[in-house]
Every structure is written in C-alpha cells, then in structure tokens.
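Student: I should like to learn how the words used for a structure follow from their definitions. May we work through one example together?

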Amino acid sequence: MRVLLVEDESRFRALLARALRAEGYADVVAHGSVEDALAQLDADAPDVVVTDLRLPGASGLDLLGEIQRRRPGLPVILMTAFADVETAREALKRHALDYLVKPFEIQELVALLEQVAVASGGDATPTGDDPPGLAGMIGASAAMQTVFATIARFARAEVPVLIDGETGTGKELAARALHRLSERHTAPYVPVNVPAIPESMLESELFGHERGAFTSADQRKLGLVETAAGGTLFLDEIGELPLGLQPKLLRFLQEHSFQRIGGTAPRNVNVRIVAATNRDLEAEAAAGTFREDLYYRLDVARLHLPPLRERDDDILLLAHCLLARRDARAVLSDEAAALLLAHNWPGNVRELENAMDWSVLLAEGDEIRPEHLPPRITGESSHRNRTTAVQAQRPRRETALPDYVASQPQTLEGQERQLILDALEQAEGNRTRAAELLGITRRRLYSRFRALGIDPETERHSTR
C-alpha cells in the first residue's frame, strides 16, 4: 500500500514516516505542503492520504477537496489538534475516511490503514512473519483466538455489541476491529469517551443542538450520532452515562431516531452502537444505578476481553511486538522475560506497553535486562534503589541526575516524565546533553516528548 503523508512539522513527519515503515508500510512518501502533495498525487497515485488539518498556505480541508476533484474515492485520513475537532467532523461530512486527534498511538493510524486495505479488497489480518492476530489486535493464546472468532462473527451482524473487560485489555481496539470487518467499514467510525465529556455538554455532543437552544448556541451543531451516520458509534465506558441521558439513548437504540436539543422534529440515523465497560452493568441495573432496559438493549451481543494474566502465551509475544515498534533492535534477556511472565499485570496490555516504553528509555544497549524493567515488575522495594542501580551501570559523568524521592509520581508515565524533566533541568535545557544523561539518543528523547505530551521549554521552567 502506498501512503502519501502530508505534515508540515518536519520532525513529526519524519517520526511518523519511520513508524509506519516499522509497521510494514514500506512505501511511504512524505511532504510538508499541499502544493507538494498535489504534485505527488499527479505524478504517482497513492492508495491513501494521511494529512494534517493545519498546513501552510492551504489547509487539509482544501487538500481534501482537491483530492476529491482529481481522485474521487481516494481515502483521506486527517490528523488534527483537539481544538480543530469540529473542523475534522466537517471533513467527515465531506467524505474523509476518519480523523485522529494528536497525540495518537501509531496503532490507531495502522487500524485505519487496515480499514483501507479491507475496503480495497485486501486482507486486514497479518500474514507471513507478522504476529498472529486480527485487524490490529495481537494474540496467539486460545483465549484471544476465541475473541478473534467472536469479533469476526459479530462484525457481520447489525446488532449492538457490548464489550466488557478490565481496564487496559484493548476494548477500543476490539471496537475498531468490529467496524473495520463489517459492511460499514467505508462509513465513519466515531469513538466517544463518555466520562471525558462534561455531563452538562454530553447530550449536545451526542445528539447536537439547534441554534438558540441555549445561551451559547449561536449556530446549529451536529452531534456525534449524526457524524457517525452509516457507520459505528463507539461509546467507551458506557457505565458512566448519566441516568438522565440514558432514556434518550434507549429511544435511539429502539427507534433509530432522536431530537437535537431545541429541535422539534425527530431525526432518523442508521448507526451501529458498540459500547464498552469495565463495570458489572448487570449488577448495576439490578441495583438501579443503570437503567435495566438500556442494559438489555446494549447487551444483545457480548464480547469479553480476557485480562493479560489469563493470556500467558501472549505476554512475550506482545512484549516483543511493542519493543519492535519502539526500537527495532531491542530484545528481551531471558531473565527479563521470566520477570514479565511472573508479573500479574493488573493494568493489562496498557501496563505492558508502559513497561516497554520505560525499558527502552533506560536500556543502554539493545538488550532489555531486569534492571531496565519498572520496579513494580522487578519487585524492588523503592524507586531510589532502582534509579541507583541503573545509574551505577552508566559511564561516570561530570554530574549525575537527582535521586528520586518518595513524593514523586509512582505511575510509569509519571516516573518517566519526571526522569526526563530532571535530565532537562540538569542539562540546563540542552536536549542533546539531556539525552546523554538519560543514555538515549536525541531522537528517542524527542519521541518521548511527544508520547508524554512534554513541552521542554514550558515544563522545564515550571519546575524551577
């Protein structure tokens, strides 16, 4: 598959192109402007275009319009900042395939590219030397083979699906797979993180509003239900949906109709609902904290995602795949692999992903050893001991990074973030020096800035 990547920020463009090539998309052509992208479009037609929404001169919407004029039907995926989400939704109405909000995981983009492959008659399942799995999900265990078979069966149905599983088991990946393998794969897939939207705004976000419906409603707004027309609406953490809004969702599930806030006429939309939860909705329905009738409407087809502790066969497979995406040279030592297998993984795949991020950051060479793993996996009693052990193996430098103290963040992301900020402070903002202190390349440091949402200048000064 030939991918045309359009992104004006040169570092991010290079990082994204390299990440796609590492995922097996060898034919990636990257440009920084609409003008160059259109020249490439005319010279050597791509199979899909991935473009930033904000570009110098013309915008991603302008590029979308020109592509539709020159190459009708060519799939276009937009990348956008959160502030431009409304514009991205407008692009969906103009038949863009989908949009991703920065920062995003490379697997989110890979999932959309697999959707393009399915739509063009290709196969979304890995082949050859690729890890076993289905449509972006990875797993060789018997439990995951059951999950894959269930997804394939449910994808062909037109009924609501309720995905349950612990936090970090991959419920959104499963929802995307259901969409990509369904007959709706050419229509929008719209994910909604229910608790992330303020309760006062949730009804408007889902169902839209008419102009004048309330004080700040100065224009009509389409809701996410309408944005997903013909496709799939994924409601993540559905158990957090306010009781007052549940009857409106129930009506939509029953009649496929709704009213915008301030509207008078019902509107009909053909959308498939996929919901996910890490809570026992049946028990909550019985207790009256979740509507029983809504629960039964959502739970037509149930997909259970097993926790990682029940997938021993997948732990090392996933670890190796995650490491390969971060550093193609990185390998696990036998001792580190044994520690991964012995860990209980309360945070599931998400915890494993964070552990691999941590390990690649601390490893000096290509081998991941026990001392490079997070302390919760090695069983060390304190992070101070962990940091001392790692720093002792590094070449002696003129100065050393500050030791951790008990008050510092104990999540993996928090620990990694603080380690990077300490390095920046010690290096007085010199990023090359900070990378040396951390024992990683400058390129790897920039990659972690993006992954952790670190603004080096702002955050370094804020710690003084």
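Tutor: Let us begin with pairing: two strands pair if DSSP finds at least two bridges between them. Strands are DSSP runs of E with at least two residues, helices are runs of H or I with at least four residues, and both are numbered from the N terminus. The model is predicted, so local features need pLDDT of at least 70 and side-chain atom pairs need pLDDT 80 or more, while totals for chains, interfaces and linings use all residues. Residues are numbered from 1 along each chain as its sequence is written, and side-chain values use heavy atoms, with hydrogens and water left out.

Student: How do you know that β9 and β10 pair?

Tutor: Five bridges join β9 to strand β10 (residues 232–236), in the parallel sense. The definition asks for at least two bridges, so the two strands count as a pair. Within this pairing, Val190 is opposite Leu233 in β10.

Student: What makes β9 and β14 edge strands?

Tutor: The open sheet holds five strands with parallel pairing, in the order β9-β10-β13-β8-β14. β9 (189–193) and β14 (301–304) each have a single partner strand, so one side of each has no neighbour in the sheet.

Student: Why is Arg176 called buried or exposed?

Tutor: Buried means under 20% relative accessible area, exposed means over 50%, and partly exposed lies in between (1.4 Å probe, protein chains only). Arg176 has 7% relative accessibility, so it counts as buried. Glu108, at 26%, is therefore partly exposed.

Student: How do you know that Arg176 and Glu108 form a salt bridge?

Tutor: A salt bridge is a side-chain nitrogen of Lys or Arg within 4 Å of a carboxyl oxygen of Asp or Glu. The closest N and O atoms of Arg176 and Glu108 are 3.9 Å apart, so the pair meets the definition. It links distant parts of the chain: Arg176 is in helix α7 (residues 171–180) and Glu108 in helix α5 (residues 106–119), 68 residues apart. Arg176 also has a salt bridge with Glu172, at 3.7 Å from N to O. Arg176 and Glu172 are four residues apart in helix α7, so about one helical turn separates them.

Student: Which terms describe the accessibility of Arg329 and Asp366?

Tutor: Arg329 has a relative accessible area of 53%, so it is exposed. Asp366, at 38%, is partly exposed. Their side chains also meet in a salt bridge, at 3.9 Å from N to O.

Student: What makes a group of residues a nonpolar core?

Tutor: Such a core is a set of buried Ala, Val, Leu, Ile, Met, Phe, Trp, Tyr and Cys residues joined through side-chain atoms within 4.5 Å. The largest one here has 31 residues, and those with the most contacts inside it are Leu233, Leu235, Ile238 and Leu241. Helix α10 gives the most to this core, with four residues. A second, separate core of 22 residues includes Leu308, Cys321, Leu323 and Leu332.

Student: How do you know which residues Leu241 touches?

Tutor: Contact means heavy atoms within 4.5 Å. Not counting residues up to four places away in sequence, Leu241 touches Val194, Leu202, Leu206, Gln246, Leu249 and Leu294.

Student: Which residues of helix α3 are called buried?

Tutor: In α3 (residues 60–70), the buried residues are Gly60, Leu61, Leu63, Leu64, Glu66 and Ile67.
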